[in-house]
Amino acid sequence: MNQPIFLEPVFKDRIWGGTKLKELFGYEIPSDQTGECWAVSAHPNGQSVVKEGPYKGTSLGDLWAGHPELFNSNSKVFPLLTKILDASDDLSVQVHPDDAYAGVNENGELGKTECWYIVDAEPGAEIIYGHGADSKEQLADWIHQGKWDQLLSKVEVKPGDFFYVPSGTLHALGKGIVVLETQQSSDTTYRVYDYDRKDSEGNTRELHLEKAIEVTTVPQAYVKTNYKVANQPGAVVTTFVENEFFTVQKWEVGGTADFKSSDKYLIISIIAGEGELSAEGHKYPLHKGDHLILPVGYGPYQLSGKFEAIASHE
Ligand code: ZN
């Protein structure tokens, strides 16, 4: 039987980043403005690397290309990207293209549909999620005139909330929020508004207004995702979303739970607590902040302890 593949994340400095990735997850972060942990990534802009076992030191992209039997996928590239984001300040208001638009305009990149599980939020913290314009013309007018209060819809968030953010949705994380993000493996962002911030050299970040206006869905369409909750001995599995881009679940383990092998490879991120994964006499400790892939067909296996994980697959 294959082994679970534990991965070493990559960290990114951001002007809106902070130190919560260290405080909450114990990661060694490169600076006090660390915004992103690319936890499970085969994107060329930052690849996770296998931590231990027979593939130790291999990048996820090379593992994907060299060992298709671990994944059994039809996708050309590793299609997903799991991140943890520390928004110690407001992120820029942004929008991402879909596959068709990115394929033509961004050198064949994937589009970016994403979703957020709120791991931590200060009281009153808000996200920007959608807009109130009725037509493209109104959207363009309000953007060009800087009528942000009129345009942008805000939602207060708390730990445990989940948000589905399809491509074409204007969005931004607000100050004081930590999320686990599951997204298509893409790094294409069209920035609409950056609060007129300047970096340490006095430069503002580039905006991409025309592309943003082009790809933003008008009027706002909120896609309803119906949660499914499955109780089993020792675990509660909540499915937040299940569509052509990804399936994302929360696993709450308390005690010992049996899991069957899956016909998909699974991406698992431990976001709270600790426990153990065991199969065929092999035991692997699981700690908050661990990220691993269970290869296709791995198992049956047991999870024990008290922890929460976000699990996803294509
Ligand atoms: Zn985004």
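This is a short conversation about a predicted model, its zinc site, its strands and its domains.

Trainee: What makes H96, E114 and H171 the residues that coordinate the zinc ion?

Mentor: Distance. A donor here is an N, O or S atom within 2.8 Å of the metal. NE2 of H96, two OE entries of E114 and NE2 of H171 lie at 2.1 to 2.6 Å. These atoms therefore count as donors.

Trainee: Why is the arrangement around the zinc ion called irregular?

Mentor: Look at the angles. The four donor atoms subtend 49 to 121°. Four donors count as tetrahedral if all angles lie between 85 and 135 degrees. The value of 49° falls outside that range, so tetrahedral is ruled out. Square planar needs opposite donors over 155 degrees apart. The angles reach 121°, so that label fails too, and irregular remains.

Trainee: How are the donor residues spaced in sequence?

Mentor: The pattern is H-x17-E-x56-H. E114 belongs to strand 9 (residues 114-121) and H171 to strand 13 (residues 171-173). They are 57 residues apart, so the pair links distant parts of the chain.

Trainee: Are E114 and H171 buried or exposed?

Mentor: Both are buried. That means each has under 20% relative accessible area.

Trainee: What makes strand 2 and strand 12 edge strands?

Mentor: Start with the order. Six strands form an open, antiparallel sheet, 2-3-7-14-9-12. Strand 2 (10-18) and strand 12 (162-165) each have a single partner, so one side of each lacks a neighbour in the sheet. From one strand to the next, the twist averages 25°.

Trainee: How do you know that strand 7 and strand 14 pair?

Mentor: Count bridges. Pairing takes at least two. Strand 7 (residues 80-87) and strand 14 (residues 177-184) share eight, in the antiparallel sense. L80 stands opposite Q184 in strand 14.

Trainee: Which strands pair with strand 21, and over how many bridges?

Mentor: Strand 1 (residues 5-8) does so over two bridges. Two is enough, because the cut-off is at least two. There, F6 stands opposite L292. Strand 19 (residues 266-279) pairs with strand 21 over four. S269 has H291 as its bridge partner. Both pairings are antiparallel.

Trainee: Why are both faces of strand 21 called covered?

Mentor: H291 and I293 lie on one side, L292 and L294 on the other, and all are buried. Each is therefore under 20% relative accessible area.

Trainee: What are the domains, and how many residues are in contact between them?

Mentor: The domain assignment gives domain 1 (5-215) and domain 2 (228-313). Their C-alpha centres lie 23 Å apart. Contact takes heavy atoms within 4.5 Å. By that test, 34 residues of domain 1 are in contact with 27 of domain 2.

Terms used:
Residues numbered from 1 in each chain as written. Predicted model: local features only at pLDDT ≥ 70, side-chain atom pairs only at ≥ 80, totals over all residues. Heavy atoms only, no water. Donors = N, O, S within 2.8 Å, 3.2 Å for Na, K, Ca; no water. Tetrahedral: all angles 85-135°; square planar, octahedral: opposite > 155°, others 65-115°. Buried < 20%, exposed > 50% of the residue type's maximum accessible area, 1.4 Å probe, protein only. Axes fitted to C-alpha atoms, helices over the stretch in contact; angles between N-to-C directions. Domains from an automatic or database assignment.
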